Amino acid sequence: MFGEYSKEETYKLLKKATGQKIDAYERLELDHAPRTNKELMLELLDSLVRRDVLPSTTEERITNLELKVKRIDLLEAEIRELKDKMNGKEVQKPHLTAADIVYEENKMELERKHFGKIVAIDAESGKIVGIGRDMFEAYKNASKKSKKTKFAFRKVGYQSICKLR
Amino acid sequence: MACQFGGQKIPIRSLADTGCDSGFVLLDVELDILKRTHKEFDLGEKRNDEPFKVTVADGHQVAGDVYFAWVELAGEKKVIEVIVIHPDKILGTETSEIEKIEDILPCVGRKFLNHFDVVFHGKSQKIAVFKY
């Protein structure tokens with residue numbers, strides 16, 4: 001230790017000041033280097049939980065318990081991903097499409113009036129152009145309102161259009 | 001069940017699964033085989049511009065495309081949705097939507113149906129399950 005600094009921190013300061021590198025410390029740094037954003041997030045949450053680097057302004061807003069819950073969520077997501085990898089299935093990262101955004105914008109009203117129905121979405125115009133009991137009916141209604149021949153479909157109130165079980 | 005597909009009435013076998021809420025479903029590989037073996041086979045163009053989610057038995061949500069096709073069954077002709085699923089394209093995993101007893105929908109498969117001589121005639125039948 002050098003004053004209040006750890007060995008690694010002292011080495012970093014020395015490297016910065018003198019430009020000299022020590023192989024053993026360089027290897028150590030590589031070993032400890034976080035590889036992914038998720039690992040970085042986990043490290044940050046860990047340190048926040050331990051209150052090592054908790055900023056005073058954030059400390060007032062975020063409780064220790066909330067951080068732990070976030071960390072558990074992250075770990076669970078990682079476990080699910082690893083399980084999928086073990087089963088040979090690669091899960092695509094969920095990302096919002098233009099149609100998802102249109103659906104989310106109209107979600108409240110759709111779920112109140114058309115729960116369980118299928119909606120056809122024209123993502124380019126940002127509108128719900130057809131509603132029906134099935135995709136064919138929604139498509140027919142959408143074709144009357146739009147010149148497009150293809151639409152995005154969503155089932156109101158459900159995560160997927162149908163279930164195969 | 002024997003299906004006759006397309007204008008040329010290509011015969012293919014199919015399974016009826018009373019636990020599914022989907023219509024006519026093909027795997028992407030099955031569609032490729034049909035196209036390869038029957039040059040005249042044509043489902044037209046898919047009607048979705050981005051894949052939608054189809055939940056499968058293990059809880060994964062796989063990508064699906066929809067086509068509309070005429071289907072004839074015992075003289076009755078209707079337009080149906082043909083859903084083509086891509087099992088290797090996983091879009092997510094299902095989180096449970098089941099909250100009430102009415103939402104529970106167990107799958108009754110071939111091993112069950114072949115065990116009884118009940119004829120359904122399109123009607124639902126009540127199943128009693130009790131201790132052996």
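What percentage of the 132 residues in chain B is made up of buried residues? In this predicted model, buried residues account for 16% of chain B, and the tour below begins with that chain before crossing to chain A.

**Chain B, overall**

Colour chain B by secondary structure, and 2 helices and 6 strands can be picked out, which follow one another from the N terminus in the order β-β-β-α-β-β-β-α. If you display the contacts of chain B with a separation of 6 or more, 53% of them join residues 24 or more positions apart.

**The sheet that spans both chains**

Next select β4 of chain A together with β4, β5, β6 and β3 of chain B, which form, in that order, an open sheet of 5 strands with mixed pairing. Its edge strands are β4 of chain A and β3 (24-27) of chain B, each of which pairs on one side only. Neighbouring strands of this sheet are turned by 45 degrees against each other on average, direction ignored.

Walk along the sheet from its chain A edge. Strand β4 of chain A, residues 162-164, runs parallel to β4(B) and is joined to that strand by 3 bridges; to see one bridge pair, select A:C162 and its partner B:V54. The following step, from β4(B) to β5(B), is antiparallel and has 4 bridges, and here B:F52 stands opposite B:G64. In general, strands of a sheet pair through backbone hydrogen bonds, either parallel or antiparallel.

Now add helix α1 of chain B, residues 28-37, which lies across β3 and β6 of chain B and runs at about 85 degrees to β3(B).

**A stop at B:V71**

Centre the view on B:V71, which has its place in strand β5 (residues 60-73) of chain B. Is this residue buried, partly exposed or exposed? B:V71 counts as partly exposed because 16 C-beta neighbours lie inside 10 Å, whereas 20 or more would be needed for a buried residue. Not counting residues up to four places away in sequence, B:V71 touches B:K78 and B:I80. A distance drawn from its C-alpha atom to that of B:V82, 11 residues apart along the chain, should read 9.9 Å.

**Where the chains meet**

Select the residues in contact between the chains: 30 come from chain B and 23 from chain A. On the side of chain B that touches chain A, β4 (52-56), β5 and β6 (76-93) each supply at least two residues, and the largest share, 8 residues, comes from β6(B). Coloured by residue type, this side of chain B divides into 13 nonpolar, 8 polar and 9 charged residues.

**The sheet within chain A**

Move to chain A and select β2, β1 and β3, which in that order make an open sheet of 3 strands with antiparallel pairing. Strands β2 (127-132) and β3 (152-155) are its edges, each pairing on one side only, and the twist averages 30 degrees from one strand to the next. Strand β1, residues 118-122, is joined to β3(A) by 4 bridges, and A:A120 stands opposite A:F153.

Two helices of chain A pack on this sheet, each touching β1, β2 and β3: α6 (residues 98-113), whose direction makes about 135 degrees with that of β1(A), and α7 (residues 135-145), whose direction makes about 135 degrees with that of β2(A).

**The nonpolar core**

Finally, show A:V119, A:A120, A:I121, A:A138, A:F151, A:F153 and B:V54, the residues with the most contacts inside the largest nonpolar core, which has 31 residues. Leaving aside neighbours within four places in sequence, the contacts of A:A138 include A:V119, A:A120, A:G130, A:I131 and A:F153.

Conventions
Residues are numbered from 1 along each chain as its sequence is written. Chains are lettered from A and ligands numbered from 1 in the order in which they are written. This is a predicted model: local features need pLDDT of at least 70, side-chain atom pairs count only at pLDDT 80 or more; totals for chains, interfaces and linings use all residues. Two strands pair if DSSP finds at least two bridges between them. Axes are lines fitted to C-alpha atoms, for helices over the stretch in contact, and angles run from 0 to 180 degrees between N-to-C directions. Two residues are in contact if their C-beta atoms, placed from the backbone, lie within 7 Å. A nonpolar core is a set of buried Ala, Val, Leu, Ile, Met, Phe, Trp, Tyr and Cys residues joined through C-beta atoms within 7 Å. A residue is buried if 20 or more other C-beta atoms lie within 10 Å of its own, exposed if 12 or fewer, and partly exposed in between; C-beta atoms are placed from the backbone. Ala, Val, Leu, Ile, Met, Phe, Trp, Tyr, Cys and Pro count as nonpolar, Asp, Glu, Lys and Arg as charged, and the others, Gly among them, as polar.
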